[in-house]
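Let's take a walk through a structure together, one region at a time. Keep the viewer open, so that you can follow along.

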Amino acid sequence: MIKFEQVSKTYLGGQRALSKVNFHIEPGEMAFLTGHSGAGKSTLLKLISIMERPTVGRVLINGHDLNTITRRQIAFIRRDIGMIFQNHHLLMDKSVFDNVALPLIIEGYTRKETSRRVEAALEMVGLSQKAKNSPLMLSGGEQQRVGIARAVVNKPPLLLADEPTGNLDPKLSMEIISLFEDFNQAGVSVFIATHDLGLIARMRYRTLTLRHGQMITDGLNEDEGAWQ
Ligand code: ADP
Ligand code: ADP
């Protein structure tokens, strides 16, 4: 599903964000990416979603080498990735329904199909009753669930989340993670970047750890804290 081969990223201006990173995530896996602020987590996710390009090395998504794909293929690969952000980028002047519908409208789905899918997605995150509300009327945890519904509404096989629980307390954070577990159990690959070690410690998932752009551990989270 995701493969990094000797990937380095140096930004214009010389800031080295990733250094010779290698890892492989299988279809259907759920894994965490952790490390201090500035360790390179966001950069690594941006390489997967093709918002940034590697300086050296290869990133492969579903067997496609991102260095050699065409612009048209980029659109197809992006369609297969649901992105979830810390501050969820919701449109506050649109309803919950319209926010979740957005990716489908861009794809040109019919109104009927859009409604059906948006309702299914809102149902999955437990927000069916709030479809007509403005996101402004929702709590932080609910807003994050709207962001998740929007990310899954066109059923991408891969979910990428960048600090999805950043603004949430431990209980709400666990609720968000258990939503990811539901999707994972339905066959979706899930890759979550977080510096919330408490959250990771409460679970036993594969955890990849970055430090100063280098991948220093990759395994079950027993030795969490190794990078502190
Ligand atoms: P994290 O998500 O782990 O906090 P980032 O990937 O955001 O880490 O950052 C890794 C390093 O790359 C940091 O030193 C950061 O300052 C730098 N960096 C991130 N984005 C850019 C950019 N667009 N231009 C220059 N440097 C950047
Ligand atoms: P179809 O694509 O077959 O028309 P639906 O949209 O009705 O199906 O959804 C079928 C089932 O898949 C539902 O039970 C729904 O909860 C579940 N589902 C929908 N989207 C996702 C998703 N992104 N990941 C996992 N399961 C999903």
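The paragraphs below go through the sheet, the backbone, the salt bridges and the two ligand sites.

Before we start, please bear in mind that this is a predicted model. A good place to begin is the sheet: four strands form it, in the order 2-1-4-5, and it is open, with antiparallel pairing. Strand 2 and strand 5 sit at the edges, each pairing on one side only. Further in, strand 1 and strand 4 are joined in the antiparallel sense over five bridges. To find that pairing in your viewer, look for K3, whose bridge partner in strand 4 is L60.

While you are at the sheet, have a look at the backbone of Q6, which lies in strand 1. Most residues other than glycine have a negative phi. Q6 is not a glycine, and yet its phi is positive, about 50°. Its relative accessibility is 43%, and therefore Q6 counts as partly exposed. A second such case is N62, also not a glycine and also with a positive phi of about 50°. You will find N62 in the loop between strand 4 and strand 5, which spans residues 64-65. With a relative accessible area of 39%, N62 is partly exposed.

Now turn to the charged side chains. Side chains of opposite charge can pair when their charged atoms come close. With a cut-off of 4 Å between a side-chain nitrogen of Lys or Arg and a carboxyl oxygen of Asp or Glu, the count comes to 11 salt bridges. One of them joins E52 to K9, with the closest N and O atoms 3.4 Å apart. This pair links distant parts of the chain, 43 residues apart: E52 is in the loop between helix 1 and strand 4, while K9 belongs to strand 1. Are the two partners buried or exposed? E52 has a relative accessible area of 24%, so it is partly exposed. K9 has a relative accessibility of 8%, so it counts as buried.

Another salt bridge connects E29 with R206, and here the closest N and O atoms are 2.9 Å apart. Again distant parts of the chain are linked, with the two positions 177 residues apart: E29 is in the loop between strand 2 and strand 3, and R206 is in strand 9. Both E29 and R206 are buried.

For a local pair, go to helix 6, residues 170-185, where K171 and E175 lie four residues apart, about one turn of the helix. Their closest N and O atoms are 3.3 Å apart, and the two form a salt bridge. K171 counts as exposed because its relative accessibility is 60%, and E175 counts as partly exposed because its value is 33%. Elsewhere, salt bridges that share partners join K3, E5, R58 and D65 into one network. You have met K3 already, as the bridge partner of L60.

Next come the ligands. Around ligand 1 you will find Y11, Q15, A17, H36, S37, G38, A39, G40, K41, S42 and T43. By type, this shell divides into three nonpolar residues, seven polar and one charged. Which element gives the largest share of the shell? That is helix 1, residues 41-48, with three residues. Oxygen atoms of ligand 1 have several polar neighbours: a polar backbone atom of A39 at 3.2 Å, a polar backbone atom of G40 at 3.0 Å, and an N or O atom in the side chain of K41 at 2.8 Å. Taken alone, ligand 1 exposes 560 Å², and the protein buries 64% of that.

The last stop is ligand 2, which is surrounded by R116, R117, M124, V152, K155, F183, A186 and V188. Two side chains reach its oxygen atoms: a polar atom of R116 lies 2.7 Å from one oxygen atom, and a polar atom of K155 lies 2.6 Å from an oxygen atom. V152 takes part through its backbone, with an N or O atom 3.2 Å from a nitrogen atom of ligand 2. On its own, ligand 2 has 560 Å² of accessible area, and the protein covers 56% of it.

Definitions and conventions
Residues numbered from 1 in each chain as written. Chains lettered and ligands numbered in written order. Predicted model: local features only at pLDDT ≥ 70, side-chain atom pairs only at ≥ 80, totals over all residues. Heavy atoms only, no water. Near = heavy atom within 4 Å. Polar contact = N/O pair within 3.5 Å; in protein donor to acceptor, adjacent residues only side chain to side chain. Areas by Shrake-Rupley, 256 points an atom, 1.4 Å probe, with all protein chains shown as cover. Nonpolar A, V, L, I, M, F, W, Y, C, P; charged D, E, K, R; others polar. Buried < 20%, exposed > 50% of the residue type's maximum accessible area, 1.4 Å probe, protein only. Pairing = 2+ DSSP bridges.
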